[in-house]
Amino acid sequence: MPQRGFRGRRFVLFLYLALVGVGGAAGFLTATFVDNLEPPAYLFLVEFPATQFGFTAYGALTIATVLGVPLLLVVYVSRHVDDPDAVSPKD
């Protein structure tokens, strides 16, 4: 049965994308209104330019990573770990 509306996975995906967008918007606004910014370094490895685009990408990627990794771990555990309280088909 196809899902309709914002329930379950669709809601989580929508919320995730909305929060990544907020992170990107925060980066853009930071670069717009704050002077003399140092270039941000994503995961201390990849340096972005200290421009509006660089801060937008940095903000979006940082939020995507900080929220995405734990979310992927939750998905993995929910699919691969058995529930000991669940009733088995043999019972």
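Does Gly-54 count as buried or exposed, and at what relative accessibility? Gly-54 counts as buried because its relative accessibility is 0%, under the 20% cut-off for that class. The legends below describe this residue and its surroundings in a predicted model.

**Figure 1. Overview of the predicted protein and its order of elements.** The protein comprises 2 helices and 2 strands, arranged from the N terminus as α-β-β-α. Its mean pLDDT is 88, and 85% of the residues reach 70 or more. Confidence is highest in helix 1 (residues 9-33), at 95, and lowest in strand 1 (residues 41-42), at a mean of 92. Of the 91 residues, 16% count as buried. The protein exposes about 7600 Å², of which 67% is supplied by carbon and sulfur atoms. Among contacts with a separation of 6 or more, 40% are accounted for by residues 24 or more positions apart.

**Figure 2. Close-up of helix 1 and its buried residues.** The 25 residues of helix 1 should span 36 Å at 1.5 Å a residue, and the end C-alpha atoms are 36 Å apart, so expectation and model agree. The buried positions of this helix are Val-20, Gly-23, Gly-24, Gly-27 and Ala-31. These buried residues pack against helix 2.

**Figure 3. Close-up of helix 2 and its bend at Gly-68.** Helix 2 (residues 52-80) has 29 residues, which at 1.5 Å a residue should span 42 Å; the end C-alpha atoms are 41 Å apart, in agreement with that value. At Gly-68 the helix bends by about 30 degrees, and Pro-70 follows within four residues. Gly-68 is also one of the buried residues of helix 2, together with Gly-54, Phe-55, Ala-57, Gly-59, Ala-60 and Ala-64. The cover over these buried residues includes helix 1.

**Figure 4. Close-up of Gly-54 in helix 2.** Gly-54, at 0% relative accessibility, touches Phe-48 and Pro-49 when residues up to four places away in sequence are not counted. Gly-27 is 27 residues from Gly-54 in sequence, and their C-alpha atoms are 8.1 Å apart in space. Gly-27 is itself among the buried residues of helix 1.

**Figure 5. Close-up of Leu-67 in helix 2.** Leu-67 counts as partly exposed because its relative accessibility is 33%, a value between the 20% and 50% cut-offs. Neighbours within four places in sequence aside, Leu-67 is in contact with Tyr-16 and Leu-19. Tyr-16 lies 51 residues from Leu-67 along the chain, yet the two C-alpha atoms are separated by 7.5 Å.

**Figure 6. Close-up of two loop residues with positive phi, Asn-36 and Leu-43.** Most residues other than glycine have a negative phi. Asn-36, in the loop between helix 1 and strand 1, has a phi near 55 degrees. Asn-36 counts as exposed because its relative accessibility is 77%, over the 50% cut-off. Leu-43 is placed in the loop between strand 1 and strand 2 (46-47), and its phi is likewise positive, near 55 degrees.

Technical notes
Residues numbered from 1 in each chain as written. Predicted model: local features only at pLDDT ≥ 70, side-chain atom pairs only at ≥ 80, totals over all residues. Heavy atoms only, no water. pLDDT = per-residue confidence, 0-100. Expected span 1.5 Å × (residues − 1). Bend = angle between axes of the 7 residues up to and from the residue. Buried < 20%, exposed > 50% of the residue type's maximum accessible area, 1.4 Å probe, protein only. Contact = heavy atoms within 4.5 Å. Areas by Shrake-Rupley, 256 points an atom, 1.4 Å probe, with all protein chains shown as cover.
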